[in-house]
Amino acid sequence: METIRRWVQVLSTLLVNGYWEFPVTRTIYQGPLKVLCSPGLNCYSCPAATTSCPIGALQQLLAGVRHTIDSGQLYIGLYIVGFMGVMGGVLGRAVCGWLCPFGLIQDLLYKIPSRKFGIPSVLRYLKYGFLAFFVILLPLLVVDHMGSGQTWFCKYVCPAGTLTAGIPMLLMQPGLRQAAGLLFLNKLFIMVMFMIWAVYASRPFCRTTCPLGAFYALFAKVKLVRLRLDHSRCTNCKACHQVCPMGVKFNESPDDAECITCLACMDKACEFDAISLEIGGVPVGGRASRPVAAPARETGNRVNR
Amino acid sequence: MPPQVSRKPSRSSKTKVEVRRTPFVVILVFTLLGIIGIATGEPRRVLEQAVQVCLSCIGVG
(Lines give C-alpha, C1' and ligand atoms only; values in the text may rest on other atoms or scores of the structure.)
Protein backbone atom coordinates (compact mmCIF):
# COMPACT_ATOMS: atom_id res chain seq x y z
CA MET A 1 0.00 0.00 0.00
CA GLU A 2 2.89 2.32 0.79
CA THR A 3 4.22 1.82 -2.75
CA ILE A 4 0.82 2.57 -4.27
CA ARG A 5 0.52 5.72 -2.20
CA ARG A 6 3.99 6.84 -3.27
CA TRP A 7 3.09 6.36 -6.93
CA VAL A 8 -0.17 8.28 -6.49
CA GLN A 9 1.79 11.10 -4.84
CA VAL A 10 4.27 11.18 -7.71
CA LEU A 11 1.52 11.07 -10.34
CA SER A 12 -0.43 13.84 -8.63
CA THR A 13 2.71 15.97 -8.35
CA LEU A 14 3.42 15.52 -12.05
CA LEU A 15 -0.17 16.31 -13.02
CA VAL A 16 -0.22 19.64 -11.21
CA ASN A 17 3.31 20.40 -12.39
CA GLY A 18 3.05 19.32 -16.01
CA TYR A 19 4.49 22.35 -17.81
CA TRP A 20 7.93 21.21 -18.83
CA GLU A 21 8.58 23.87 -21.47
CA PHE A 22 9.64 26.35 -18.81
CA PRO A 23 13.41 25.91 -19.32
CA VAL A 24 12.83 27.17 -22.87
CA THR A 25 10.14 29.79 -22.28
CA ARG A 26 11.74 30.90 -18.98
CA THR A 27 8.38 31.77 -17.52
CA ILE A 28 5.39 30.15 -15.88
CA TYR A 29 2.51 28.32 -17.56
CA GLN A 30 -0.16 30.79 -18.64
CA GLY A 31 -2.79 28.48 -20.11
CA PRO A 32 -6.44 27.96 -19.20
CA LEU A 33 -5.82 25.02 -16.85
CA LYS A 34 -4.76 27.51 -14.22
CA VAL A 35 -8.40 28.24 -13.59
CA LEU A 36 -8.43 24.92 -11.73
CA CYS A 37 -7.12 24.56 -8.20
CA SER A 38 -4.59 21.99 -7.14
CA PRO A 39 -5.95 19.85 -4.28
CA GLY A 40 -2.65 20.14 -2.37
CA LEU A 41 -0.26 22.98 -1.66
CA ASN A 42 1.42 23.81 -4.97
CA CYS A 43 2.52 27.38 -5.67
CA TYR A 44 1.14 28.67 -8.97
CA SER A 45 4.27 30.70 -9.53
CA CYS A 46 6.20 27.45 -9.79
CA PRO A 47 7.42 27.39 -13.42
CA ALA A 48 6.00 23.89 -13.96
CA ALA A 49 2.65 24.47 -12.23
CA THR A 50 -0.39 23.87 -14.39
CA THR A 51 -2.98 24.67 -11.69
CA SER A 52 -3.58 27.30 -9.02
CA CYS A 53 -2.75 26.93 -5.35
CA PRO A 54 -6.06 27.25 -3.46
CA ILE A 55 -4.41 28.99 -0.52
CA GLY A 56 -2.60 31.49 -2.75
CA ALA A 57 -5.68 32.14 -4.89
CA LEU A 58 -7.88 32.64 -1.82
CA GLN A 59 -5.47 35.16 -0.33
CA GLN A 60 -5.26 37.02 -3.65
CA LEU A 61 -9.04 37.33 -3.82
CA LEU A 62 -9.35 38.44 -0.20
CA ALA A 63 -6.47 40.91 -0.54
CA GLY A 64 -8.16 42.55 -3.52
CA VAL A 65 -11.73 42.36 -2.28
CA ARG A 66 -12.07 46.16 -1.90
CA HIS A 67 -11.08 46.73 -5.52
CA THR A 68 -13.56 44.18 -6.80
CA ILE A 69 -16.35 45.72 -4.70
CA ASP A 70 -15.49 49.10 -6.22
CA SER A 71 -15.85 47.58 -9.66
CA GLY A 72 -19.26 46.16 -8.81
CA GLN A 73 -18.17 42.57 -8.17
CA LEU A 74 -17.84 40.56 -4.98
CA TYR A 75 -15.02 38.07 -5.26
CA ILE A 76 -14.70 36.60 -1.78
CA GLY A 77 -13.36 33.21 -2.76
CA LEU A 78 -16.56 31.15 -2.90
CA TYR A 79 -15.22 29.26 -5.91
CA ILE A 80 -12.02 28.38 -4.04
CA VAL A 81 -13.76 27.58 -0.75
CA GLY A 82 -16.31 25.49 -2.64
CA PHE A 83 -13.52 23.50 -4.29
CA MET A 84 -11.62 23.03 -1.04
CA GLY A 85 -14.85 22.08 0.75
CA VAL A 86 -15.71 19.41 -1.80
CA MET A 87 -12.18 17.98 -1.54
CA GLY A 88 -12.43 18.13 2.25
CA GLY A 89 -15.88 16.54 2.26
CA VAL A 90 -14.75 13.66 0.08
CA LEU A 91 -11.16 13.04 1.17
CA GLY A 92 -10.38 15.34 4.09
CA ARG A 93 -6.69 15.15 4.89
CA ALA A 94 -6.25 12.15 2.63
CA VAL A 95 -5.34 14.94 0.20
CA CYS A 96 -2.27 15.63 2.38
CA GLY A 97 -1.31 11.97 2.41
CA TRP A 98 -1.97 11.10 -1.20
CA LEU A 99 -2.06 14.21 -3.40
CA CYS A 100 0.04 17.03 -1.92
CA PRO A 101 3.42 17.64 -3.62
CA PHE A 102 4.90 19.22 -0.50
CA GLY A 103 3.72 16.23 1.53
CA LEU A 104 5.65 14.00 -0.86
CA ILE A 105 8.79 16.11 -0.43
CA GLN A 106 8.54 15.83 3.35
CA ASP A 107 7.92 12.07 3.16
CA LEU A 108 11.08 11.68 1.09
CA LEU A 109 13.13 13.88 3.42
CA TYR A 110 12.02 11.75 6.38
CA LYS A 111 13.48 8.72 4.65
CA ILE A 112 17.00 10.15 5.07
CA PRO A 113 18.60 8.00 7.76
CA SER A 114 18.90 9.96 11.01
CA ARG A 115 17.73 9.94 14.58
CA LYS A 116 13.97 10.57 14.59
CA PHE A 117 12.05 12.82 16.97
CA GLY A 118 8.40 13.45 17.76
CA ILE A 119 6.55 16.76 17.54
CA PRO A 120 4.73 18.10 20.61
CA SER A 121 1.04 17.64 19.92
CA VAL A 122 0.22 21.16 21.13
CA LEU A 123 1.96 22.55 18.02
CA ARG A 124 -0.80 21.09 15.83
CA TYR A 125 -3.03 24.01 16.78
CA LEU A 126 -0.65 26.56 15.22
CA LYS A 127 -1.86 25.76 11.72
CA TYR A 128 -5.40 26.88 12.56
CA GLY A 129 -3.93 30.23 13.56
CA PHE A 130 -2.10 30.45 10.22
CA LEU A 131 -5.35 29.67 8.41
CA ALA A 132 -7.40 32.19 10.37
CA PHE A 133 -4.88 35.03 10.48
CA PHE A 134 -2.36 34.69 7.65
CA VAL A 135 -4.79 33.40 5.02
CA ILE A 136 -8.09 35.08 5.90
CA LEU A 137 -8.01 37.96 8.38
CA LEU A 138 -4.73 39.73 7.63
CA PRO A 139 -5.15 39.76 3.81
CA LEU A 140 -8.72 40.96 4.29
CA LEU A 141 -8.23 43.57 6.98
CA VAL A 142 -4.69 44.96 6.71
CA VAL A 143 -4.66 47.14 3.61
CA ASP A 144 -2.50 49.94 2.26
CA HIS A 145 -3.69 53.41 1.27
CA MET A 146 -4.84 52.00 -2.08
CA GLY A 147 -7.04 49.44 -0.35
CA SER A 148 -4.87 46.48 -1.33
CA GLY A 149 -4.07 43.71 1.11
CA GLN A 150 -1.18 41.28 1.03
CA THR A 151 -0.86 37.54 0.63
CA TRP A 152 0.52 37.15 4.13
CA PHE A 153 1.05 33.42 4.20
CA CYS A 154 2.65 33.29 0.76
CA LYS A 155 4.76 36.36 1.35
CA TYR A 156 6.11 35.69 4.82
CA VAL A 157 5.83 31.95 5.49
CA CYS A 158 5.16 29.43 2.72
CA PRO A 159 8.24 27.21 2.30
CA ALA A 160 6.59 25.35 -0.59
CA GLY A 161 6.48 28.60 -2.58
CA THR A 162 10.14 29.31 -1.86
CA LEU A 163 11.24 25.84 -2.87
CA THR A 164 9.16 25.29 -5.98
CA ALA A 165 8.70 28.87 -7.19
CA GLY A 166 11.09 31.32 -5.55
CA ILE A 167 14.36 29.50 -6.15
CA PRO A 168 13.54 28.31 -9.72
CA MET A 169 12.30 31.75 -10.76
CA LEU A 170 15.41 33.47 -9.41
CA LEU A 171 17.54 30.96 -11.30
CA MET A 172 15.62 31.49 -14.54
CA GLN A 173 15.18 35.25 -14.44
CA PRO A 174 18.38 37.09 -13.44
CA GLY A 175 16.44 40.36 -13.23
CA LEU A 176 14.55 39.09 -10.24
CA ARG A 177 17.71 38.34 -8.28
CA GLN A 178 18.35 42.04 -7.71
CA ALA A 179 14.92 42.35 -6.10
CA ALA A 180 15.55 39.47 -3.71
CA GLY A 181 16.31 41.03 -0.35
CA LEU A 182 15.52 40.42 3.29
CA LEU A 183 12.07 39.11 2.44
CA PHE A 184 13.53 36.34 0.32
CA LEU A 185 16.19 35.55 2.91
CA ASN A 186 13.47 35.24 5.56
CA LYS A 187 11.53 32.82 3.39
CA LEU A 188 14.69 30.92 2.49
CA PHE A 189 15.52 30.56 6.19
CA ILE A 190 12.02 29.23 6.95
CA MET A 191 12.23 26.78 4.06
CA VAL A 192 15.64 25.46 5.12
CA MET A 193 14.46 25.08 8.72
CA PHE A 194 11.42 23.08 7.66
CA MET A 195 13.47 20.87 5.36
CA ILE A 196 15.97 20.10 8.11
CA TRP A 197 13.10 19.49 10.54
CA ALA A 198 11.47 17.13 8.02
CA VAL A 199 14.57 14.93 8.09
CA TYR A 200 14.27 14.48 11.85
CA ALA A 201 10.49 14.54 12.32
CA SER A 202 7.67 13.30 10.13
CA ARG A 203 5.81 15.99 8.15
CA PRO A 204 6.49 18.97 10.44
CA PHE A 205 5.00 21.52 8.05
CA CYS A 206 1.76 19.54 7.63
CA ARG A 207 1.42 19.06 11.36
CA THR A 208 2.22 22.54 12.58
CA THR A 209 1.84 25.15 9.86
CA CYS A 210 -0.08 24.18 6.71
CA PRO A 211 -3.31 26.22 6.45
CA LEU A 212 -4.66 23.93 3.74
CA GLY A 213 -4.16 20.93 6.02
CA ALA A 214 -5.91 22.91 8.77
CA PHE A 215 -8.88 23.50 6.48
CA TYR A 216 -9.12 19.85 5.48
CA ALA A 217 -8.75 18.85 9.13
CA LEU A 218 -12.09 20.54 9.83
CA PHE A 219 -13.74 17.70 7.89
CA ALA A 220 -12.29 14.89 10.03
CA LYS A 221 -15.66 13.78 11.40
CA VAL A 222 -17.74 14.28 8.27
CA LYS A 223 -15.52 13.24 5.36
CA LEU A 224 -16.75 10.59 2.98
CA VAL A 225 -13.61 8.43 2.91
CA ARG A 226 -12.21 7.59 6.31
CA LEU A 227 -10.74 4.87 8.46
CA ARG A 228 -12.98 3.05 10.90
CA LEU A 229 -12.06 1.33 14.15
CA ASP A 230 -13.81 -1.89 15.11
CA HIS A 231 -13.72 -1.73 18.91
CA SER A 232 -14.66 -5.38 19.24
CA ARG A 233 -11.45 -6.36 17.45
CA CYS A 234 -9.12 -3.72 18.90
CA THR A 235 -6.85 -5.03 21.66
CA ASN A 236 -5.34 -1.62 22.48
CA CYS A 237 -1.92 -3.00 21.65
CA LYS A 238 -0.96 0.49 20.39
CA ALA A 239 0.83 -0.89 17.33
CA CYS A 240 -0.99 1.78 15.30
CA HIS A 241 0.73 4.52 17.34
CA GLN A 242 4.14 3.38 16.17
CA VAL A 243 3.57 3.61 12.41
CA CYS A 244 1.50 6.78 12.12
CA PRO A 245 3.45 9.55 10.32
CA MET A 246 1.20 12.17 11.92
CA GLY A 247 1.50 11.00 15.50
CA VAL A 248 -2.15 9.89 15.69
CA LYS A 249 -3.15 7.42 18.40
CA PHE A 250 -5.76 5.79 16.23
CA ASN A 251 -7.26 3.44 18.79
CA GLU A 252 -7.89 6.40 21.10
CA SER A 253 -9.16 8.89 18.49
CA PRO A 254 -10.25 7.26 15.22
CA ASP A 255 -11.57 10.57 13.85
CA ASP A 256 -8.41 12.49 14.69
CA ALA A 257 -8.05 15.69 12.66
CA GLU A 258 -4.40 14.82 11.97
CA CYS A 259 -5.15 11.52 10.19
CA ILE A 260 -4.06 11.70 6.55
CA THR A 261 -5.55 8.29 5.71
CA CYS A 262 -2.18 6.96 4.60
CA LEU A 263 -3.44 3.50 5.66
CA ALA A 264 -0.16 2.64 7.42
CA CYS A 265 -2.01 1.65 10.61
CA MET A 266 -4.41 -0.60 8.70
CA ASP A 267 -1.81 -2.02 6.38
CA LYS A 268 1.35 -2.30 8.45
CA ALA A 269 0.39 -2.27 12.11
CA CYS A 270 -2.94 -3.82 13.04
CA GLU A 271 -2.75 -7.58 13.25
CA PHE A 272 -6.37 -7.95 14.32
CA ASP A 273 -8.07 -6.21 11.38
CA ALA A 274 -9.63 -3.70 13.72
CA ILE A 275 -9.01 -0.88 11.23
CA SER A 276 -10.81 -0.72 7.92
CA LEU A 277 -11.55 1.81 5.21
CA GLU A 278 -15.07 3.03 4.67
CA ILE A 279 -16.75 5.25 2.10
CA GLY A 280 -19.82 7.01 3.42
CA GLY A 281 -20.28 4.36 6.08
CA VAL A 282 -19.91 1.45 3.66
CA PRO A 283 -16.83 -0.68 4.31
CA VAL A 284 -14.66 -1.25 1.27
CA GLY A 285 -12.26 -4.14 0.81
CA GLY A 286 -12.46 -7.55 2.41
CA ARG A 287 -11.65 -8.37 6.00
CA ALA A 288 -9.63 -11.45 6.71
CA SER A 289 -10.84 -13.92 9.31
CA ARG A 290 -8.57 -13.12 12.17
CA PRO A 291 -9.04 -13.68 15.91
CA VAL A 292 -11.25 -11.18 17.69
CA ALA A 293 -10.17 -9.39 20.85
CA ALA A 294 -7.02 -11.28 21.61
CA PRO A 295 -5.10 -10.18 24.69
CA ALA A 296 -3.13 -6.96 24.45
CA ARG A 297 0.52 -7.34 23.62
CA GLU A 298 3.57 -5.22 24.25
CA THR A 299 4.99 -3.48 21.21
CA GLY A 300 8.56 -2.95 22.29
CA ASN A 301 10.60 0.21 22.13
CA ARG A 302 9.86 1.62 18.72
CA VAL A 303 10.08 5.29 17.84
CA ASN A 304 6.89 7.16 18.69
CA ARG A 305 6.33 9.71 15.94
CA MET B 1 -59.11 -7.52 2.61
CA PRO B 2 -55.65 -8.11 1.11
CA PRO B 3 -52.85 -8.90 3.58
CA GLN B 4 -50.54 -5.98 4.42
CA VAL B 5 -46.95 -6.34 3.29
CA SER B 6 -44.32 -5.01 5.67
CA ARG B 7 -41.58 -2.97 3.95
CA LYS B 8 -39.34 -2.83 6.99
CA PRO B 9 -36.04 -4.67 6.60
CA SER B 10 -35.80 -8.00 8.31
CA ARG B 11 -34.03 -8.02 11.66
CA SER B 12 -32.41 -11.26 10.77
CA SER B 13 -30.10 -9.69 8.16
CA LYS B 14 -26.50 -10.50 9.04
CA THR B 15 -24.75 -7.20 8.35
CA LYS B 16 -26.44 -3.86 8.55
CA VAL B 17 -24.61 -1.16 6.62
CA GLU B 18 -25.57 2.32 7.67
CA VAL B 19 -24.83 4.93 5.02
CA ARG B 20 -23.69 8.21 6.54
CA ARG B 21 -25.60 11.14 5.06
CA THR B 22 -23.54 13.96 6.57
CA PRO B 23 -20.67 13.78 4.03
CA PHE B 24 -23.13 14.10 1.17
CA VAL B 25 -24.77 17.15 2.75
CA VAL B 26 -21.36 18.76 3.29
CA ILE B 27 -20.31 18.04 -0.28
CA LEU B 28 -23.60 19.43 -1.60
CA VAL B 29 -23.28 22.65 0.42
CA PHE B 30 -19.73 23.29 -0.80
CA THR B 31 -20.69 22.38 -4.37
CA LEU B 32 -23.39 25.05 -4.18
CA LEU B 33 -20.86 27.55 -2.82
CA GLY B 34 -18.54 26.73 -5.69
CA ILE B 35 -21.36 27.15 -8.21
CA ILE B 36 -22.21 30.56 -6.75
CA GLY B 37 -18.53 31.48 -7.07
CA ILE B 38 -18.48 30.34 -10.69
CA ALA B 39 -21.70 32.26 -11.41
CA THR B 40 -20.18 35.47 -10.07
CA GLY B 41 -17.17 35.10 -12.35
CA GLU B 42 -14.52 34.23 -9.76
CA PRO B 43 -12.71 31.67 -11.94
CA ARG B 44 -11.86 34.39 -14.47
CA ARG B 45 -10.31 36.49 -11.71
CA VAL B 46 -8.40 33.47 -10.38
CA LEU B 47 -7.05 32.79 -13.85
CA GLU B 48 -6.00 36.44 -14.33
CA GLN B 49 -3.98 36.25 -11.14
CA ALA B 50 -2.57 32.76 -11.63
CA VAL B 51 -1.04 33.43 -15.06
CA GLN B 52 1.14 36.18 -13.60
CA VAL B 53 4.22 35.54 -11.48
CA CYS B 54 3.25 36.39 -7.91
CA LEU B 55 6.33 38.28 -6.72
CA SER B 56 5.29 38.26 -3.09
CA CYS B 57 4.72 34.49 -3.29
CA ILE B 58 8.29 33.92 -4.40
CA GLY B 59 9.62 36.33 -1.82
CA VAL B 60 10.81 39.24 -3.91
CA GLY B 61 7.81 41.55 -3.91
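This is a short talk on three helix pairs and one pocket in a predicted model.

Let's start with helix H3 of chain A, residues 54-63. Its first partner here is helix H5 of chain A, residues 78-90. The two axes come within 9 Å and cross at roughly 150°. Angles over 145 degrees count as roughly antiparallel, so H3(A) is roughly antiparallel to H5(A). The crossing is left-handed.

Which residues make that contact? From H3(A), they are Pro54(A), Ala57(A), Leu58(A) and Leu61(A). From H5(A), they are Ile80(A), Val81(A) and Met84(A). By class, that is seven nonpolar residues, with no polar and no charged ones.

Stay with H3(A), and turn to helix H8 of chain A, residues 126-141. These axes come within 8 Å. They cross at roughly 20°. H3(A) and H8(A) are therefore roughly parallel. The handedness here is right-handed.

Look at the residues in this contact. H3(A) brings Ile55(A), Leu58(A), Gln59(A), Leu62(A) and Ala63(A). H8(A) brings Phe134(A), Val135(A), Ile136(A), Pro139(A) and Leu140(A). The class count is nine nonpolar, one polar and no charged. Note Leu58(A): it takes part in the contact with H5(A), and it also meets H8(A).

Now the third pair. Helix H7 of chain A covers residues 101-110, and helix H12 of chain A covers residues 182-200. Their axes come within 7 Å and cross at roughly 55°. H7(A) and H12(A) are therefore oblique to each other. The crossing is right-handed.

On the H7(A) side we have Ile105(A), Gln106(A), Leu109(A) and Tyr110(A). On the H12(A) side we have Met195(A), Ala198(A), Val199(A) and Tyr200(A). Seven of these residues are nonpolar, one is polar and none is charged.

Last, the pocket. How much space lies in the largest pocket? About 330 Å³. It is lined by 16 residues. Closest to its centre are Gln60(A), Ala63(A), Gly149(A), Thr151(A) and Gln49(B). So which elements give two or more residues to the lining? H3 of chain A does, together with helix H2 of chain B, residues 42-50.

The lining has ten polar residues, four nonpolar and two charged. Set that beside the H3(A) contact with H5(A), with its seven nonpolar residues and no polar ones. One residue links two parts of this talk: Ala63(A) is in the contact with H8(A), and Ala63(A) is also among the residues closest to the pocket centre.

Technical notes:
Residues numbered from 1 in each chain as written. Chains lettered and ligands numbered in written order. Predicted model: local features only at pLDDT ≥ 70, side-chain atom pairs only at ≥ 80, totals over all residues. Heavy atoms only, no water. Axes fitted to C-alpha atoms, helices over the stretch in contact; angles between N-to-C directions. Helix = DSSP H or I, 4+ residues; strand = E, 2+ residues; numbered from the N terminus. Parallel < 35°, antiparallel > 145°, perpendicular 65-115°, else oblique. Left-handed = near helix turned anticlockwise from the far one by under 90°. Contact = heavy atoms within 4.5 Å. Nonpolar A, V, L, I, M, F, W, Y, C, P; charged D, E, K, R; others polar. 1 Å grid on protein atoms, 1.4 Å probe; cavity = no way out; pocket = protein on both sides within 12 Å on 5 of 7 lines; lining within 4 Å. Points joined across faces, edges and corners; volume = space filled by probe spheres on them.
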